[in-house]
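The following report describes one molecular structure, moving from the ligand site to the sheets and then to individual helices and one residue.

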Amino acid sequence: MSLRAVPRGPLGLRSSCTAPRSAPAFPRRNIAQSSRRSKPTNTTNKAQDKAASANGERKKPKDYLDKGSERDERPFHFQMWDSVTARVQRERERQDRMVTKMISNPRRRVGPLVLTILSGITGYYFGQLIPDDPPTTSTTKLEDTNPPPHDASRPTLEAAWVDFRDIVGQDNISMTRAELEAHSGSSWSSHPSNPEQIPFCVVKPASTEEVSAIMKVCHERRIPVTPYSGGTSLEGHFAPTRGGICIDFSRMDKILKLHADDLDVVVQPAVGWEHLNEVLAQQNLFFPPDPGPGAQIGGMVGTGCSGTNAYRYGTMKDWVLSLTVVLADGTIIKTRQRPRKSSAGYDLTRMFIGSEGTLGLITEATLKVTVKPQTTSVAVCAFKSVRDAANCVFKVVGAGVPIAAIEILDDVQMACINDAGTTSKRWEEAPTLFFKFAGTPSSVTEQVAQVQKLASKSGSQSFEFAKSEQEKEELWSARKEALWSVMAKSKEGEHVWTTDVAVPISRLADIIEETKENIKKSGLTGSIVGHVGDGNFHSVLLYNPSQKSIAERVVHRMVKRAIEMEGTATGEHGIGLVKRDYLPHELGEETVDAMRRLKLAFDPLCLLNCDKVVRVQMPGKRERVGEW
Ligand SMILES: Cc1cc2nc3c(=O)[nH]c(=O)nc-3n(C[C@H](O)[C@H](O)[C@H](O)COP(=O)(O)OP(=O)(O)OC[C@H]3O[C@@H](n4cnc5c(N)ncnc54)[C@H](O)[C@@H]3O)c2cc1C
């Protein structure tokens, strides 16, 4: 028999299991015996023969083996065969012993186990690097969100501090407790400050490039960021709910370029609207949006603010031509150039206005400006009831009188102004309308006459208009002092809650009347004040900590009423933290899901002012708005 004819066994050796037909078919046991070359006794051989025949095995060719064990005189190829099969058998036995050892010795199993786990972890890690298939839906439901993957741990923030120092210099990073608290909330915000929610540090960049570099660090390290301009917003807008850092724009306060001929101006985000108007006035120009004293362009874009001039001039959305924005990963974009109109592409400018710092950081804005009116004047008239005052507004707006502003202050608000004593005049403590007129001298005179007539038809009890610049300032100052005068009445430990809603103007009288009634029943001190020409009014409530739930109910009913009247949860202050759960009631779940998708498209890690405007994580039970 040739060796080539022996089939391959384990380890590449030729196997005896399927021995060639010409070779004797030896049972394994006997092969092993032969391989050990021990001489079997006669008794053993006999017993084996017996057992083999009992098992039906073929009888082995004894003569060959026996001879071989003494002096093997078999042909060479038989000896060769024996040798090979014996080697195979030994190999098998060695493997069997190995397996038995592995199973019985747990230590030996640790190696492969560790290897399996390690390869599993490695596989998982690399699997994570492979991006998921992009979602095929158009919206993101709240229940489909994952908690933002932030890292606001101290070691990460301390390491990032070194990066920030290299970008803005050590003097422009603040970590004093007072400054951290001032950048976390305010006494005029409806969201009381939470001592546990403060930023690690306040970073003050001086340019768009520095803001971009800071955002690159935060993106790389997954650090949440809260932008801050004037800090006058009212609904917990800049509360650093996720810790991280605050970017304060106060060093970016330059008016970069005034294009007087084109009626536009390029500014940095920390330019205040009051300062801007002082500069513009030198060129007989004017920028109309007038929110809270101290507000700055970055924050005004952030909230999409308006103010007393909105009735005539519109809101912030109407006065921004273009924005330079730093996105969450540090990318710098400019939304468009300077023309007054453009149909080029999506309107990203408007998308960022009112986004409350959740989509990008405004580092430059090109604003429209207009020519200052030749003359302005102010008139004030008191009414018996809020309904009479609201009806007067309805009539003036309906008559199309081009007045600049119509503001309402109720009897409680007028009493607060008297008590605060901040104006030299003592006011009638009754629902009062403040009118601002703007235009040529003759048109202003004409408007004043028209309004006086309409006010009288609505039951006004008094009507006085400013005859001098000083009187005008005096009359209008009462309106501007509204919030501070209510706050001045607060007792030790009391908070102020300023909130706003807007309704179609025909529903104004109903909602103001119902809200006033509600405040009266609640037992809280609360006033009504607002830009009623736009159907927008505010309620200013004082409450102590034990009355918080009462204040919440008053605000809840006011917002619910407004939405049920086809109005909005906020006319100008914005959503912030406080009004997020009203959005689905006002706009529908699907619309909010679309907003959430937009947020996650621009800021997938949810680094920018996380938790404002739309929720990006399921709330706890206690956080949700109560029964609708
Ligand atoms: C007495 C008083 C009266 C008010 N009257 C009115 C009023 O009549 N009309 C009105 O609309 N509002 C009014 N407000 C509210 C407030 O003045 C406005 O919301 C104003 O627009 C906020 O500007 P700010 O600079 O103070 O912004 P901040 O409070 O600093 O920020 C507002 C929001 O914008 C974000 N933000 C800040 N800077 C940037 C930036 N550079 N890029 C991106 N996001 C940024 C913040 O994170 C925050 O979410 C009043 C407030 C007070 C206290």
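## Ligand shell and overall fold

The ligand is surrounded by 35 residues, of which the closest are Gly-230, Gly-292, Gly-298, Gly-299 and Gly-302; a residue counts as near a molecule or strand if its C-beta atom, placed from the backbone, lies within 6 Å of it. Two or more residues of this shell come from each of strand 3 (225-228), helix 10 (297-303) and strand 10 (361-368). Helix 10 contributes the most, with five residues. Helices (H or I, at least four residues) and strands (E, at least two) are DSSP runs, numbered from the N terminus. By class, the shell holds 14 nonpolar, 18 polar and three charged residues, where Ala, Val, Leu, Ile, Met, Phe, Trp, Tyr, Cys and Pro count as nonpolar, Asp, Glu, Lys and Arg as charged, and the others, Gly among them, as polar.

The model is predicted: local features need pLDDT of at least 70, side-chain atom pairs count only at pLDDT 80 or more, and totals for chains, interfaces and linings use all residues. Residues are numbered from 1 along each chain as its sequence is written.

The protein chain has 21 helices and 18 strands. Of its 628 residues, 40% are buried; buried denotes 20 or more other C-beta atoms within 10 Å of the residue's own, exposed 12 or fewer, and partly exposed in between, with C-beta atoms placed from the backbone. Among contacts between residues at least 6 apart in sequence, 73% join residues at least 24 apart, a contact being two C-beta atoms, placed from the backbone, within 7 Å.

## The two sheets

Strands of a sheet pair through backbone hydrogen bonds, either parallel or antiparallel. Here, two strands are taken to pair if DSSP finds at least two bridges between them.

An open sheet of four strands has the order 1-2-4-3 and mixed pairing. Strand 1 (173-174) and strand 3 are at its edges, each with a single partner strand, so one side of each lacks a neighbour in the sheet. Strand 3 pairs with strand 4 (residues 245-248) in the parallel sense over four bridges, and Val-225 has Ile-245 in strand 4 as its bridge partner.

An open sheet of seven strands follows the order 15-12-14-13-17-18-16, with antiparallel pairing. Its edges are strand 15 (464-465) and strand 16 (495-502), each with a single partner strand, so one side of each is left without a neighbour in the sheet. Strand 18 (residues 536-543) is joined to strand 17 (residues 525-531) by seven antiparallel bridges and to strand 16 by eight, also antiparallel. The residue pairs below include partners from both of these strands.

| Residue | Bridge partner or opposite residue in strand 18 |
|---|---|
| Trp-497 | Leu-541 |
| Val-529 | His-538 |
| Gly-530 | Phe-537 |

Strands 17 and 18 form a hairpin with four residues between them, and Gly-535 in the turn has a positive phi of about 70°. Eight of the eight residues of strand 18 are buried, so this strand is largely enclosed by the rest of the structure. Asn-536, His-538, Val-540 and Leu-542 are buried on one side, and Phe-537, Ser-539, Leu-541 and Tyr-543 on the other.

Leu-542 of strand 18 is buried, with 20 other C-beta atoms within 10 Å. Outside its neighbours within four places in sequence, Leu-542 contacts Val-486, Lys-489, Ser-490, Glu-494, Val-496, Leu-524 and Thr-525. The C-alpha atoms of Leu-542 and Glu-494 are 6.3 Å apart, although the two residues are separated by 48 residues along the chain.

## Helices

Two helices lie across strands of the seven-stranded sheet. Helix 15 (residues 441-457) crosses strand 12 (375-382), strand 14 (432-439) and strand 15, running at about 10° to strand 12. Helix 16 (residues 469-480) lies across strand 12, strand 13 (405-409) and strand 14, at about 60° to strand 12. Axes are lines fitted to C-alpha atoms, for helices over the stretch in contact, and angles run from 0 to 180 degrees between N-to-C directions.

Helix 18 (residues 508-522) has 15 residues, which at 1.5 Å a residue should span 21 Å; its end C-alpha atoms are 21 Å apart, in agreement. The expected span is 1.5 Å times one less than the number of residues. Its buried residues are Leu-508, Ala-509, Ile-511, Ile-512, Thr-515, Lys-516 and Ile-519, and they pack against helix 13 (386-398), strand 17, strand 18 and helix 19 (548-564). Gly-523, which follows helix 18, has a positive phi near 80°.
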